Amino acid sequence: MSKPNPIPIRLKEARKRANMTQKELGIRIGMDQSSASSRMNHYEKDRHTPDIQTLQRMADELKVPLNYLFCDSAESAELACLIDKLSIKERQKLIELLNK
């Protein structure tokens, strides 16, 4: 059995956390004002999957790392956001700690 696509779930979560409407997010990433809401709705309903450049613009606007949108569990999504906030040195220390 295949797993559901995590992108619609993470996209909606991040957008709501950013307190943005679908239309607002769409406009902020460069979509036409007249179609932004419906296009974003299609992404969140898994009717269409955005290309990688669109996903990157969404992630940047929502202030989440790109890999957050691909996380298939709430825990891995939270970890992706926390790790993204770490400095390079802190990430290296975390890797060393986890490899023990």
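1. First, a term: contact here means heavy atoms within 4.5 Å. With that in hand, start at isoleucine 52, which touches Leu66 and Phe70 once residues up to four places away in sequence are set aside. Keep in mind that this is a predicted model.

2. Staying with isoleucine 52: the residue belongs to helix α4. Its C-alpha atom is separated by 9.1 Å from that of leucine 66, and the two residues are 14 apart along the chain. Is isoleucine 52 buried, exposed or partly exposed? Its relative accessibility is 44%, so it counts as partly exposed, since that class runs between 20% and 50%.

3. Threonine 54 also sits in helix α4, and here the picture changes. This residue has a relative accessible area of 5%, so it is buried; the cut-off is under 20%. What does threonine 54 touch, leaving aside neighbours within four places in sequence? Its contacts are Ile29 and Tyr43.

4. Methionine 58 has those two residues on its list as well: leaving out neighbours within four places, its contacts are Leu11, Ile29, Met40, Tyr43 and Pro50. If you want to pull up one residue on screen and look around, I'd go for this one.

5. Now the largest nonpolar core, which has 21 residues. Which members touch the most others? They are Leu11, Leu25, Met40, Met58, Leu62, Val64 and Tyr68. Two or more core residues come from each of α1 (6–17), α3 (36–44), α4 (52–62) and α5 (74–84). Helix α4 gives the largest share, with four residues. Leu11 and Met40, both on that list of members, are also contacts of methionine 58.

6. On the overall fold: there are six helices and zero strands, so to read the element order from the N terminus you just get α-α-α-α-α-α. The C-alpha atoms fill a box of roughly 50 × 35 × 20 Å along the principal axes. Taking contacts between residues at least 6 apart in sequence, 46% join residues at least 24 apart.

7. Last, surface and charge. Of the 100 residues, 31% count as buried. The accessible surface comes to about 6,900 Å², and carbon and sulfur atoms account for 52% of that. How far apart are the mean positions of the positive and negative charges? They are 2 Å apart, with 18 positive and 14 negative charges in the protein.

Conventions: Residues numbered from 1 in each chain as written. Predicted model: local features only at pLDDT ≥ 70, side-chain atom pairs only at ≥ 80, totals over all residues. Heavy atoms only, no water. Core = buried A, V, L, I, M, F, W, Y, C linked by side-chain atoms within 4.5 Å. Buried < 20%, exposed > 50% of the residue type's maximum accessible area, 1.4 Å probe, protein only. Areas by Shrake-Rupley, 256 points an atom, 1.4 Å probe, with all protein chains shown as cover. Lys, Arg positive; Asp, Glu negative; His and termini not counted. Charge placed at Lys NZ, Arg CZ, Asp CG, Glu CD.
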